[in-house]
Amino acid sequence: MDLLLDVLDQQLIDKHGRKAGKIDGIALELREGKPPRVAYLEMGTDVLARRISPRLERWLQALRARMGREVAPFHVPWSKVKKVHLTVDADIDASKEPSYHVERWLAQHVIGPIPGSEIDHQRGKR
Amino acid sequence: MKNILKVALGILTSIGGFLDVGAIATTAQAGAVFGPRLLWVLAFSTLCVIFLVEMSGRLAAVSKHTLADALRERFGFRFFILPYASEMIVDLLVLGAEIGGVCLALQFVTGIAFRWFALPVALLVWLFLWLGSFSFVEDATAILGLVTIAFVIGAIRMKPGLHAVAAGFVPSLPPHDRPQYWYIALSIIGAVISPYLIYFYSSGAVEDEWTVKDLRVNRFVATIGMGFGSVVAMGVMVVAAATLLPAGIALDRYEQAPLMLSRSLGLAGFYLFAASLGIACFGACVESALAMAYLTAQTFGWNWGESVAPKHNARFASVYTGAILLAACVTLVVSDPLKLTLFSMALTVVILPLLLVPMIMLMNDGNFLKQHRNGPLSNFMGIVIVVTAILLSILAIPLQILGG
Amino acid sequence: MIVHLELAAGREVRDAEGRRAGRLVAVHGEEHGKDFVITHYVLVDGYLGFLLHELGFRRKTHRVSWERIDLRDPLHPRLL
């Protein structure tokens, strides 16, 4: 299995079948005399910013610090990964992860209060 | 029958994506200045779009991934941020132009300046997305969109010279005003081959849960759907050629546009023009706003879905809400919605290769498409489309300066 | 020591003398019990070769065993 092709940038699916973001980063643990192992998978805007340029990441962090909002990075230890196929299925709950807090905040303060936000049209599946 | 719903997706995508303010403006201007001579450009663009739409539908049906999903997963974030960011900027301008199109239609009917309608129209578009399900949005716009057949009826009623129309399908060199000819040709292609249409169609196919069994229907829908929009756009060009060209009306002021149908269909024609423009642009508003939300949610891996309650897909809903609001501000600020339209189309042409090159390569990837990879015909058309896109991307700015 | 592998994707790998060894295009590994460990890397010569490889064309690649690449600075991988 190729980490760059089969894991990086793939869709992460949580244990309830919900989308939990794309895998933005892979943390490797380098060990003396032993091959590197995957420590955890990473998600978050910081990780994405760093991939574009380290300066962008520092700017983003400074911005966040100024706003007083610290968001813990979203780590998925490799032990929680169940299956790697067209998606990466992991034994986590997307709604419990820290970066879901943007979704929750929007649902509570912006989207939720607008009338009609709870109207659902799904035909009884998912 | 489920297949009827699928045809509805095709027609909706066509009304919103193919037939929008850009397509109507460019084909009308082409007809007013050069008669039916540029029909071949429209026909060529239609062929390209049919293949691209079929590909994006096939990708969705076989891999259950949308185009944006697959592009990030296959090519990585560092690459995909480029088409993503540029597409979001262009789509915002397109959305602003489409809102402007609906406002113009209302200006024609009421006489009230288009700017006053920007916020109400934006609100209506937003309500459609907020309260409606994907099937409702699909079906409503498709049914209402049938009014655009008025252009075809108007064209037929003007009894255009069939010889000239047929000759229009043969590629020709400009008889006069060479830079303007090629500039309009380029704008037609930019208006017809819109990335948001392709992103929207593949997202719609996933919303409607297409599978491998739907591949033949996908081909049918892509052809009939885009074909419908194309026939209407040809109607626009022919009717403009028949009504505006002989009268020397070059369509440099948008107030002249309704004359196309009022000359052939009387007062009813005037209202039919406004209705067709308004509904086609409304469909485009819906499609481009949704495309921005789909694109963002899929790039970052969020949950998404038009049929799901907004409260449960708060980020997705926030994107289309914010986009509609921002775009309405753009509409309020521009002096002339037509200029915004033409500008956004030129920009579309510039960024097109960023999407199309990886897309064609993706369509040959066995991991996503298994045994349904592109065959030789699709790849041949893919190469033609990519070469055309790269050529146009280079020529867009110079042509805008010379012929615009 | 933890390194961010995603930063190394597509970077030019150089040897001790600074000569180019190719761009990193794949990181292969396998399961060892609960862990996933790296077995080898794949490099492609030249920027054009790298672009063509990423687009999906078949290119000549070099397979390098895990102990020969130093990823401590993922933006500048070193060939040992």
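**Group meeting talk: how chain A meets its neighbours, and what lies inside chain B**

Let me begin with the contact between the first two chains, where 28 residues of chain A are in contact with 24 residues of chain B. Please keep in mind throughout that this is a predicted model, and that what I describe is computed from it.

On the side of chain A that touches chain B, the elements that give two or more residues are strand 1 (11–13), strand 2 (19–22), helix 2 (45–52) and helix 4 (101–111) of chain A. Helix 4 of chain A provides the largest share of that side, namely six residues. If we sort the side of chain A that touches chain B by class, we find eleven nonpolar, eight polar and nine charged residues.

Now, how many residues does chain A bring to its contact with chain C? Here the contact takes 21 residues from chain A and 21 residues from chain C. The elements of chain A that give two or more residues to this side are helix 1 (3–7), strand 3 (25–31), strand 4 (34–43) and, once again, helix 2. The largest share of the side of chain A that touches chain C, six residues, belongs to strand 3 of chain A. By class, the side of chain A that touches chain C divides into 14 nonpolar, two polar and five charged residues.

Strand 3 of chain A also pairs across this boundary, since it joins strand 1 (residues 2–4) of chain C in the antiparallel sense over three bridges. To find one of these on your screen, look for Ala27(A), whose bridge partner in strand 1 of chain C is His4(C).

Let me stay with chain A for its open sheet of four strands, which has the order 2-1-7-6 and mixed pairing. The edge strands are strand 2 and strand 6 (81–84) of chain A, each of which pairs on one side only. On average, and with direction ignored, neighbouring strands of this sheet are turned by 25° against each other.

Within chain A, strand 1 and strand 2 pair in the antiparallel sense over two bridges, and Gln11(A) has Lys22(A) in strand 2 as its bridge partner. The hairpin that these two strands form has five residues between the strands, and in it Gly17(A) takes a positive phi near 80°.

We now turn to chain B and to the packing of two of its helices. In general, two packed helices are described by the angle between their axes and the distance between the axes. The axes of helix 2 (residues 21–34) and helix 15 (residues 337–362) of chain B come within 10 Å and cross at roughly 100°, which means that helix 2 of chain B is roughly perpendicular to helix 15 of chain B. Where they meet, Val21(B), Gly22(B) and Ala25(B) of helix 2 face Leu338(B), Thr341(B) and Met345(B) of helix 15 in contact. The residues of this helix contact are four nonpolar, two polar and no charged.

Finally, which residues have the most contacts inside the largest nonpolar core? That core has 203 residues, and the two in question are Met237(B) and Ala289(B). Its largest share, 23 residues, comes from helix 13 (residues 259–300) of chain B. Leaving aside residues up to four places away in sequence, Met237(B) touches several residues, including Thr27(B), Ala30(B), Gly31(B) and Pro36(B).

Technical notes
Residues are numbered from 1 along each chain as its sequence is written. Chains are lettered from A and ligands numbered from 1 in the order in which they are written. This is a predicted model: local features need pLDDT of at least 70, side-chain atom pairs count only at pLDDT 80 or more; totals for chains, interfaces and linings use all residues. A nonpolar core is a set of buried Ala, Val, Leu, Ile, Met, Phe, Trp, Tyr and Cys residues joined through C-beta atoms within 7 Å. A residue is buried if 20 or more other C-beta atoms lie within 10 Å of its own, exposed if 12 or fewer, and partly exposed in between; C-beta atoms are placed from the backbone. Two residues are in contact if their C-beta atoms, placed from the backbone, lie within 7 Å. Ala, Val, Leu, Ile, Met, Phe, Trp, Tyr, Cys and Pro count as nonpolar, Asp, Glu, Lys and Arg as charged, and the others, Gly among them, as polar. Axes are lines fitted to C-alpha atoms, for helices over the stretch in contact, and angles run from 0 to 180 degrees between N-to-C directions. Angles under 35 degrees count as roughly parallel, over 145 as roughly antiparallel, 65 to 115 as roughly perpendicular and the rest as oblique. Two strands pair if DSSP finds at least two bridges between them.
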